There are 4 protein chains.
Amino acid sequence: VDEQFAKNRVEALSDGIFAIVLTLLVLELRVPHIDAPNSADELATALWDLMPKFVAWVISFVTVCVIYLNHHRLFSLLSRLDHSLFWRNANLLFWTTAIGFATALMGDYASNRLAVSFYGIVGALMALGFVLFRLRCQARPDDLLLPDVDRAGFRVGTRYSIVLGPIAYLVGAALAWVLPALAFAVYGGIALYFVFPHAVRNR
Amino acid sequence: VDEQFAKNRVEALSDGIFAIVLTLLVLELRVPHIDAPNSADELATALWDLMPKFVAWVISFVTVCVIYLNHHRLFSLLSRLDHSLFWRNANLLFWTTAIGFATALMGDYASNRLAVSFYGIVGALMALGFVLFRLRCQARPDDLLLPDVDRAGFRVGTRYSIVLGPIAYLVGAALAWVLPALAFAVYGGIALYFVFPHAVRNR
Amino acid sequence: VDEQFAKNRVEALSDGIFAIVLTLLVLELRVPHIDAPNSADELATALWDLMPKFVAWVISFVTVCVIYLNHHRLFSLLSRLDHSLFWRNANLLFWTTAIGFATALMGDYASNRLAVSFYGIVGALMALGFVLFRLRCQARPDDLLLPDVDRAGFRVGTRYSIVLGPIAYLVGAALAWVLPALAFAVYGGIALYFVFPHAVRNR
Amino acid sequence: VDEQFAKNRVEALSDGIFAIVLTLLVLELRVPHIDAPNSADELATALWDLMPKFVAWVISFVTVCVIYLNHHRLFSLLSRLDHSLFWRNANLLFWTTAIGFATALMGDYASNRLAVSFYGIVGALMALGFVLFRLRCQARPDDLLLPDVDRAGFRVGTRYSIVLGPIAYLVGAALAWVLPALAFAVYGGIALYFVFPHAVRNR
């Protein structure tokens, strides 16, 4: 008696949110105020001061592209969405929209251990969203996955997604208390890892 | 002589608006200003002060997901849109976009009875939008509903949607004048009710 | 040798812009600052002062819905888009995005004749965009319009769209210099006119 | 063993980003503050002072429409997307979202050589994104391009896209140090060039 979901409409909602999050990230890069409007030197200094925000922006842009890529791949394995998957997807989207706030916080206070750690916690909750989504799929594989999806491979992918998702982000969040730059490296590293094609095959 | 509407284009417009509203809700969570940029303690206090905004954000995120879900289900029952349904849908979208403003107002003034009550009034007008949409459908069922839609069940669903929609929100708006926290509980409760799958079946 | 345009992708771009414009209109309604955060009286006064912005918002929301409706109907008559129509559509979208700025200006300075007049000028340029789009279609009807579209009726619709579009908005813009409230009435009246179904049939 | 990408979902993500960038450009045109709210004269002066922002907005709006047009045409030549093209597309989208920031910077500091030059550098990086995308396509034409795409013509188009893209923008960026208005002319000229239909045929 489960409701039918139009997979393409939920994909459209998700893609819309990904597109907006990707575009709004740049809004944190506000035009700096300078006293001498025509001074190239003063503007250069002001733009240089934006560097932590710029780095945070690049990391988050790549991260949201990776989220899109994993979301895209995961949905291509589904035969249909049920009510539970709809809400697990909504949970994932919620934390994805929170990345914009975490990016702004980390960009504004790039040397504040809590701010940098906060980003990792939001990242971990987002990545946990993927894990929760996958667990539902593999609990009812015949109902939710397409017939030709390799069930054993899917379960292996879920285990990978725990290590390379919540655990890796929590490591970054912990390292922020040692040295914020280390956490930046971990967050950037997680995103970069998924840029290489073999990574996606393992998920 | 009624105009033909491409149902999928109106769905795309609606989904676009839902996606943007969901994403913009987080913009109300502005990065707090702190005097000592590297102080984790001061940032922790500043983030803690955002708690009412955070709660308002979560309630509204779930509420807009529920709106999406009900919209999705309602549109799946339609054979076509007529001019009147287009404008009833536009009315619903109008109040949905207003939820962002009401959320910001309630998040900023979480102990102000008017601010918390205002949220409920906007919610009631949004929910009334669903009722007005349904009334049109059931006034012309053979024209607007798909042949296999149970007409009697649809009318029962409309009655449910009056109680669980405008009336529930107005109860919340009234309780805000007794104790704002009670209204928060009602608004969150309405959203949570629709997270459970049986609720959607009854609509 | 004219390029082929995927009509559905241009529709998707346009619908995306309409959805974003409709949602961003509400952002002009900023949460007012009040000195006593728990005072319902002070908040009521502050919200009441937003009334001109609220009226401007409603007028613009209905106006953009009407733009969507006319756009939707016009595109349903096209067999294909050529390069010229792509850019005439882009021009229309440009002035549609400008409506947000004009709304904010009119909402902030509701008694300023220039501000209220400015809205009408932007509206006239947007409506002129529709006229320019239609003129291209009727200059090459066999190439651009679907075979079953009534050519004579289309040309009549273009004449209507001049009177009810640029001319009506310019009348409003002129009346703003007599009395701003009159212009509000004209702008609202233009939008309301198209809410009635017969109006769309004539376009 | 390359992953399959749903071309239409990547198009939808890209179109969503184009739509949002196009709409957000206008947000840089903030309503000016005037001391006498009812003074048409003061408002006229304040609006006139927005002229550089207005010019920057128009140039960027046309530029993003041209990006959309080139993107649209390029994707119509593809048989499928591979992992590398996905990321080259993401790189292109990244620089497209950066155009909003560059527009705001140039609009705020229209006489500042660095600000005007910065716009050209962002434009060059965006245009380089198209070149990198095309190079991948022509390195694996049988895998990525549709069978009826003229391979030699595609390679000619790539050479055009280097000259009319990164090189033209870098010329503008260099001219900004001579006279900012010259750079405005180059940036506007690049966009205008692609408004004429023959230009698109050559790409």
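Here are some notes on how chain A and chain D meet in this predicted model.

1. First, the ground rules. Residues count from 1 along each chain, chains are lettered from A in the order written, and side-chain values use heavy atoms, leaving out hydrogens and water. Local features need pLDDT of at least 70 and side-chain atom pairs need 80 or more, while totals for chains, interfaces and linings use all residues.

2. Chain A puts 42 residues into the contact and chain D puts in 32 (contact means heavy atoms within 4.5 Å). Together they bury about 3,100 Å², with 75% of that from carbon and sulfur atoms (buried area is the accessible area, 1.4 Å probe, lost when two parts are put together, summed over both). Look for A:Thr23, A:Val31 and A:His72, which supply 19% of what chain A buries against chain D, more than any other three residues.

3. There are two salt bridges between chain A and chain D (a Lys or Arg side-chain nitrogen within 4 Å of an Asp or Glu carboxyl oxygen). D:Arg9 makes one with A:Glu11, their closest N and O atoms being 3.5 Å apart.

4. How do the two copies relate? A rotation of 90° with 0.0 Å of shift along its axis puts chain A on chain D, RMSD 0.0 Å (a least-squares fit on C-alpha atoms of residues with pLDDT of at least 70 in both). The copies are thus related as by a four-fold rotation axis. In chain A, A:Gly16 has the C-alpha nearest that axis, at 4.5 Å.

5. Only 5% of chain A's interface residues are also interface residues in chain D, so the copies meet through different surfaces.
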